[in-house]
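Let's take a look at where charged side chains pair up in this protein. Here is the structure to keep beside you as you read.

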Amino acid sequence: MDKNCDNNFMNLAVAKASEGIENGQTPFGACIVKNNEIIACCHNRVWELTDITAHAEIVVIREACNKLGVVDLSGCVIYSTTEPCPMCFTAIHWAKIGKIVYGVSIEDAKRFGFSELTISNREMRDAGKSKIKIVSGCLKDDSLKLFNIWKNRDNSRVY
């Protein structure tokens with residue numbers, strides 16, 4: 001296990017994504033943790049809310065900010081089953097989350113039909129001179145399985 005990858009927290013993100021798939025959503029989940037305490041854990045809710053911005057990372061940021069009563073999530077880590085898209089990366093940056101830990105890459109999501117912009121988190125971080133730490137490949141196989149489960153359920157709704 002990578003010391004920067006806490007499998008327990010990542011497993012929670014995977015479980016949330018699985019729950020989302022069961023509820024007709026796409027295969028994405030995210031958790032926000034601060035001082036080893038779970039603040040929020042959510043799945044993608046795009047189809048449920050008819051809101052294209054309701055990605056797992058956005059939903060979990062909203063929930064964490066609401067729960068803590070702040071918009072500054074400094075000291076938090078976000079665990080995401082998939083590398084955050086540019087919109088989500090920007091929200092993570094604005095929320096001042098210090099570290100992103102993710103499973104599969106944007107390229108992996110694209111292979112399953114999602115219309116991801118192929119700009120990696122590292123490219124965005126470096127171009128914007130952000131200080132966000134990025135850990136990739138955490139429980140990658142488990143995160144990849146989510147896409148296969150989703151695809152085999154004939155959930156053809158992508159965005």
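## A bridge from loop to helix

This is a predicted model, and a good place to start is the salt bridge that joins the side chains of Asp 51 and Arg 62, with N to O at 3.9 Å. This pair ties together distant parts of the chain, 11 residues apart: Asp 51 sits in the loop between helix 2 (46–49) and helix 3 (56–68), while Arg 62 belongs to helix 3.

How much of each partner is accessible? Asp 51 has a relative accessible area of 23%, so it counts as partly exposed. Arg 62 is partly exposed too, at 44% relative accessibility.

## A bridge within helix 1

Now for a pair inside a single helix. Glu 19 and Lys 16 form a salt bridge through their side chains, 3.4 Å from N to O. Both lie in helix 1 (residues 7–22), and because they are 3 residues apart there, about one helical turn separates them.

As for accessibility, Glu 19 comes out at 35%, which makes it partly exposed. Lys 16 is at 22% and is partly exposed as well.

## A pair of neighbours and a network

Arg 125 and Asp 126 also make a salt bridge, and their closest N and O atoms are 3.1 Å apart. Is Arg 125 buried or exposed? Its relative accessible area is 19%, so Arg 125 is buried, given that the cut-off for buried is under 20%.

Elsewhere, salt bridges link Asp 108, Arg 111 and Lys 140 into a network.

## The overall tally

Side chains of opposite charge can pair when their charged atoms come close. For this model, the count is 6 salt bridges.

Methods. Residues numbered from 1 in each chain as written. Predicted model: local features only at pLDDT ≥ 70, side-chain atom pairs only at ≥ 80, totals over all residues. Heavy atoms only, no water. Salt bridge = Lys/Arg side-chain N within 4 Å of Asp/Glu carboxyl O. Helix = DSSP H or I, 4+ residues; strand = E, 2+ residues; numbered from the N terminus. Buried < 20%, exposed > 50% of the residue type's maximum accessible area, 1.4 Å probe, protein only.
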